[in-house]
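I opened this entry to keep track of what I looked up. My notes are grouped by topic.

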Amino acid sequence: MNYDEKKFLGKLAQIETLVDLEDLRIEYLGRNGIINQLLKKIVEIPPDEKKGYGVEVNNLKNRINQLLDKKKNTLNNRMSAEFFDKTLPGKEYPKGSLHPISTTIEQIASIFQKLGFIRVSYPEIEWEHFAFETLNMPKGHPARDDFESFFVDEPEDKERGRMVLTPHTSSGQNREMLRLKKPPIRMINIAKCYRRNWDATHAPMFYQFEGLCVDKNINITHLKGTIEYFAKKFFGPDRQIRLRPHHFQFTEPSFETDISCNICKGTGFVNGLNKKMDKAKCRVCKSGWLELGGSGMVHPSVLKAGGIDPNEYTGWAFGFGPERCLMMKLGIDEIRDLYGGDIRFLEQF
Ligand code: DAH
């Protein structure tokens with residue numbers, strides 16, 4: 001049979017377009033194509049071989065048909081993969097953003113940096129010495145219990161005591177005094193803290209930001225002015241603050257620091273602007289005030305532990321929570337939402 005398979009396969013391999021493929025189909029399977037010419041030759045075949053010849057040409061026809069179809073599929077697939085429609089609207093990819101706690105920390109840092117405070121952060125795994133001893137809470141002092149600390153299962157150091165996951169940023173006070181050696185000190189220490197706590201407003205890992213200011217002639221008005229500046233910048237210009245007597249080992253006098261409630265405008269009643277109409281207590285604050293955190297004038301023993309003469313220098317300090325500030329600002333009542341990682345919650349920020 002006058003058919004060259006190699007020639008056909010060679011031609012097929014070189015074809016790149018559907019138009020050329022159609023030409024090849026006509027060349028082989030068309031009315032005057034190679035296969036039909038082979039069929040016409042059947043008249044020249046001896047009678048007893050005619051049947052075998054016919055079957056052979058038919059098989060060949062089918063095989064060529066299959067090979068052409070296969071090539072057609074390959075070309076079609078390649079075209080759809082390469083096809084790029086510039087007019088289609090673009091796909092919007094999901095965008096990430098900073099976690100609301102990170103944003104809050106950045107805001108807090110920048111408010112204090114404008115006042116000349118230097119941002120630092122000190123070890124999350126701390127010695128008892130810095131977390132308690134230098135803060136006027138010597139070994140065995142019951143005030144240590146308030147800090148519900150996680151201790152690290154490591155041998156005790158003779159001078160610095162046990163290792164602890166720092167329960168508050170106040171541990172940075174002594175470290176900053178030692179770092180600068182001498183006032184003036186204006187520190188804003190923002191770091192992770194840990195306590196054995198887990199409820200709607202407490203997480204075992206949380207942040208604190210600690211302000212510390214030590215210099216000559218520093219008094220309570222500087223503390224109050226600084227916190228008020230922060231409160232108005234962070235929460236809004238109409239917010240008020242107040243200091244309420246309290247007790248901390250490392251400050252004297254010590255205060256709880258409150259900020260006026262935004263919902264009732266500091267009145268303690270739902271309809272804060274018109275008390276006569278509605279005497280119901282504000283559900284958010286109940287008293288007109290929300291607690292920001294602790295503050296006070298640095299205790300002389302704390303200054304001494306940092307090598308600072310309390311007769312020459314005075315200072316103030318405060319320790320607040322960024323999460324609490326954020327929750328109070330936006331009305332979030334579950335700290336665990338902030339740490340849950342639920343994208344539906346986080347997407348709102
Ligand atoms: N360290 C305290 C706590 O975590 C908060 C605190 C209170 C910090 C008074 C201060 C301060 O600097 O002066 O409960």
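The entries below go from the domains to the sheet, then to single residues.

**Domains**

I am working with a predicted model. I looked up the domain assignment first. It gives domain 1 as 5-62 and domain 2 as 100-346. I then took the centres of domain 1 and domain 2 over C-alpha atoms, and they are separated by 90 Å.

**The sheet**

What is the strand order of the open sheet? I read β1-β5-β6-β10-β9-β8-β7, which makes 7 strands with mixed pairing. At the edges I found β1 (118-120) and β7 (241-248), each paired on one side only. I also checked the turn between neighbouring strands of this sheet: on average it is 25°, direction ignored.

I went through some of the pairs, beginning at β1. β1 and β5 run parallel and are joined by 3 bridges. Within β5, Ile188 is the residue opposite Arg119. I followed Ile188 to the other neighbour and found Gly211 in β6 as its bridge partner. β5 and β6 run antiparallel, with 10 bridges between them. I then asked how much of β5 is covered. β5 spans residues 185-194, and 8 of its 10 residues are buried.

At the other edge I looked at β7 and β8. β8 covers residues 251-260, and its pairing with β7 is antiparallel over 7 bridges. Leu243 has Thr257 in β8 as its bridge partner.

I noted one general point for reading strands. Side chains in a regular strand alternate between the two faces of the sheet.

**Helix α8 and the cores**

Which strands does helix α8 lie across? I listed β6 (205-215), β7, β8, β9 (289-298) and β10 (314-320). Helix α8 itself is residues 220-235, and it runs at about 125° to β7.

I turned to the nonpolar cores. The largest has 42 residues, and the members touching the most others are Phe209, Phe230 and Phe235. There is also a second, separate core of 22 residues, with Val120, Met177, Met187 and Tyr313 among them. By their numbers, Phe230 and Phe235 fall in helix α8, and Phe209 falls in β6.

**Glu176**

I stopped at Glu176, which sits in helix α7 (residues 171-180). Is Glu176 buried or exposed? Its relative accessible area is 0%, so I count Glu176 as buried. I looked for polar partners of its side chain. One contact, of 2.6 Å, goes to the side chain of Tyr122. Another, of 2.9 Å, goes to the side chain of Arg179. Leaving out residues up to four places away in sequence, Glu176 touches Val120, Tyr122, Ile185 and Met187. Val120 and Met187 are also members of the second core.

**Met328**

Met328 is in helix α10 (residues 322-330). Its relative accessible area is 14%, so Met328 still counts as buried, because the cut-off is under 20%. I listed its contacts beyond four places in sequence: Phe235, Ile259, Leu290, Glu291 and Leu292. Phe235 had already come up in the largest core. I also checked Met328 against Ser149. They are 179 residues apart in sequence, and the C-alpha to C-alpha distance is 25 Å.

**Backbone checks**

I kept the usual expectation in mind. Most peptide bonds are trans, and most residues other than glycine have a negative phi.

Where are the cis bonds I noted? One joins Pro183 and Pro184, with omega about 10°. Pro184 belongs to the loop between α7 and β5. Another joins Glu252 and Pro253, with omega about -5°. Pro253 is in strand β8.

I also noted positive phi values. Glu148 has phi near 30°. I placed Glu148 in the loop between α6 (128-131) and β3 (150-151). Glu148 is partly exposed, at 28% relative accessibility. Lys265 has phi near 55°. I placed Lys265 in the loop between β8 and β9. With a relative accessible area of 43%, Lys265 is partly exposed too.

Notes:
Residues numbered from 1 in each chain as written. Predicted model: local features only at pLDDT ≥ 70, side-chain atom pairs only at ≥ 80, totals over all residues. Heavy atoms only, no water. Core = buried A, V, L, I, M, F, W, Y, C linked by side-chain atoms within 4.5 Å. Buried < 20%, exposed > 50% of the residue type's maximum accessible area, 1.4 Å probe, protein only. Pairing = 2+ DSSP bridges. Helix = DSSP H or I, 4+ residues; strand = E, 2+ residues; numbered from the N terminus. Axes fitted to C-alpha atoms, helices over the stretch in contact; angles between N-to-C directions. Contact = heavy atoms within 4.5 Å. Polar contact = N/O pair within 3.5 Å; in protein donor to acceptor, adjacent residues only side chain to side chain. Domains from an automatic or database assignment.
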